[in-house]
Amino acid sequence: MFRPANHFFVSVDPPCESDGNSPLQISHWSRQTPVRRYALPNTEAVGSQRSDCEWIGTMGEPWAARGAEGASTRLPLVLTALWAVAVVLELAYVMVLGPGPPPLGPLARALQLALAAYQLLNLLGNVGLFLRSDPSIRGVMLAGRGLGQGWAYCYQCQSQVPPRSGHCSACRVCILRRDHHCRLLGRCVGFHNYRPFLCLLLHAAGVLLHVSVLLSPALSALLRAHSAVYTVALLLLPWLMLLTGKVSLAQFALAFVVDTCVAGALLCGAGLLFHGMLLLRGQTTWEWARGQHSYDLGTSHNLQAALGPRWALVWFWPFLASPLPGDGITFQTPADVGLVAS
């Protein structure tokens with residue numbers, strides 16, 4: 001049979017008879033090829049109906065553009081990594097050549113080092129899990145999932161997508177249970193990486209606050225040597241102070257790193273509070289903005305749906321096994337668990 005270029009072929013076996021309303025079975029995403037394989041109900045409206053239920057459709061071009069997606073996701077991650085390196089270098093400089101850490105006793109010093117190691121392991125572990133987890137619909141087995149029951153059609157991907165999914169213009173793919181696109185790490189937050197994202201917010205805020213405390217003696221010594229106006233200008237406008245020659249490069253680096261650490265800690269804390277509210281309500285950011293509460297199962301069920309059965313322990317260690325009860329394609333509603341939506 002002739003198969004035109006840039007098209008894909010779907011065959012349902014055994015042959016079927018569709019009444020135009022009931023959905024046919026869906027195949028799956030191929031990990032090796034950017035080809036979407038599925039059969040649609042009422043195919044006479046979208047393609048040619050054949051006696052053996054064969055259907056020919058157009059392959060989505062965005063799936064072949066992985067190179068552009070990689071560039072758009074790597075750049076924010078590189079910039080964030082460069083900033084993290086600058087923070088580490090400044091901290092090492094202050095600890096070795098500057099005033100050093102705040103004065104503490106041997107026991108307090110040991111506890112501080114243990115806390116720093118624990119925070120760093122949690123931070124790096126959650127970053128690794130977040131980046132390694134693919135929240136998109138690539139490679140997801142979609143067979144027998146109930147196409148048409150709350151599913152939508154994505155014109156960018158040219159495919160059917162499950163409920164609560166959304167297309168990301170930066171990632172150029174639809175994301176399962178899409179929440180938002182994280183600009184700092186260059187990846188969408190979805191069903192499979194929502195848990196490491198929440199834990200990352202918690203431990204990032206802790207690490208940034210810890211760094212700010214360690215740098216505070218050096219910053220205090222710098223600020224005490226100048227007037228109040230100088231202090232305010234250095235804290236709020238360090239770039240201007242550097243360009244006008246009022247501070248040295250080392251003084252600017254100290255003020256800049258402390259400023260960004262404090263601002264980052266506040267940003268992570270605010271994000272954690274906001275997403276904590278969404279977590280308890282069983283919402284995504286998109287659903288919160290539109291006032292939708294279709295998947296609010298109650299506090300306990302919402303926590304287990306997003307964090308797994310060990311939801312109270314996953315905050316303390318990123319590698320703790322706590323498998324998610326769902327698959328990111330079908331979701332329980334209050335009616336499914338016998339609850340009455342408020």
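# A tour of the predicted model, starting at a loop arginine

Select Arg-164, in the loop between β6 (159–161) and β7 (166–168). The model is a predicted one. Arg-164 has a positive phi of about 70 degrees, although it is not a glycine. Its side is worth checking with a surface turned on: Arg-164 counts as buried because its relative accessible area, 15%, is under the 20% cut-off.

Next, go to Arg-177, in the loop between β8 (173–175) and β9. Arg-177 is another non-glycine residue with a positive phi, here about 45 degrees. Arg-177 is buried, with a relative accessible area of 9%.

**The whole chain**

Zoom out and colour by secondary structure. The chain has eight helices and ten strands. It holds 342 residues, and 39% of them count as buried. If contacts between residues at least 6 apart in sequence are taken, 63% of them join residues at least 24 apart.

**Record annotations**

Now select residues 75–98, 110–131, 197–215, 227–245 and 252–274, which an unreviewed UniProt entry gives as "transmembrane region". Two of these spans can be set side by side. Residues 110–131 are 100% helix and 0% strand, with end C-alpha atoms 32 Å apart. Residues 227–245 are 79% helix and 0% strand, and the end C-alpha atoms of that span lie 16 Å apart.

**Helix α2**

Select α2 (106–132). From its first C-alpha to its last, this helix of 27 residues reaches 39 Å, close to the 39 Å expected at 1.5 Å a residue. Show the side chains of Gln-112, Gln-119, Asn-122, Leu-123, Gly-125, Asn-126, Leu-129 and Phe-130, which are buried in α2. An α-helix has 3.6 residues a turn, so residues three or four places apart point the same way. Which elements do the buried residues of α2 pack against? Add β9, β10 (187–189) and α3 to the selection to see them.

**The largest pocket**

Leu-123 of α2 leads to the next stop. It is one of the residues closest to the centre of the largest pocket. The largest pocket contains about 1,300 Å³ of space. Its lining has 41 residues, and those closest to the centre are Trp-83, Leu-123, Ala-204, Val-207 and Leu-208. To trace the walls, select α1 (66–97), α2 (106–132), β9 (180–182), α3 (194–224) and α6, each of which supplies at least two lining residues. The largest share, ten residues, comes from α1. Colour the lining by class: 30 residues are nonpolar, nine are polar and two are charged.

**Helix α4**

Move to Tyr-230, in helix α4 (residues 228–236). Tyr-230 is buried, with a relative accessible area of 13%. Leaving aside residues up to four places away in sequence, Tyr-230 touches Met-241, Lys-246, Val-247 and Gln-251. Draw a line from Tyr-230 to Lys-246: the two are 16 residues apart in sequence, and their C-alpha atoms are 8.9 Å apart.

**Helix α6 and the turn after it**

Select helix α6 (residues 249–281). What span should its 33 residues have at 1.5 Å a residue? The expected value is 48 Å, and the end C-alpha atoms are 47 Å apart, which agrees. Step just past α6 to Gly-282, where phi is positive at about 70 degrees.

**Helix α8**

Gly-282 is also a contact of Asn-302, so select Asn-302 in helix α8 (residues 299–307). Is Asn-302 buried or exposed? Asn-302 is buried, with a relative accessible area of 4%. Apart from residues up to four places away in sequence, Asn-302 touches Leu-279, Leu-280, Arg-281, Gly-282, Tyr-295, Asp-296 and Leu-297.

**The segment after α8**

The last stop is Ser-322, in the segment after α8. Ser-322 is buried, with a relative accessible area of 2%. The C-alpha atoms of Ser-322 and Leu-307 are separated by 7.0 Å, although the two residues are 15 apart along the chain. Leu-307 is among the contacts of Ser-322, which also include Arg-195, Gly-308, Pro-309, Arg-310, Trp-311 and Val-314 when residues up to four places away in sequence are not counted.

How values were computed
Residues are numbered from 1 along each chain as its sequence is written. This is a predicted model: local features need pLDDT of at least 70, side-chain atom pairs count only at pLDDT 80 or more; totals for chains, interfaces and linings use all residues. Side-chain values use heavy atoms; hydrogens and water are left out. Helices (H or I, at least four residues) and strands (E, at least two) are DSSP runs, numbered from the N terminus. Buried means under 20% relative accessible area, exposed over 50%, partly exposed in between (1.4 Å probe, protein chains only). Contact means heavy atoms within 4.5 Å. The expected span of a helix is 1.5 Å times one less than its number of residues. UniProt positions are given in the numbering used here, feature names are shortened, and annotations may be inferred rather than shown by experiment. On a 1 Å grid over the protein atoms alone, a cavity is a set of points where a 1.4 Å probe fits but cannot get out, and a pocket is an open set with protein on both sides within 12 Å along at least five of seven lines; lining residues have an atom within 4 Å of a point. Grid points are joined across faces, edges and corners, and a volume is the space filled by probe spheres set on the points. Ala, Val, Leu, Ile, Met, Phe, Trp, Tyr, Cys and Pro count as nonpolar, Asp, Glu, Lys and Arg as charged, and the others, Gly among them, as polar.
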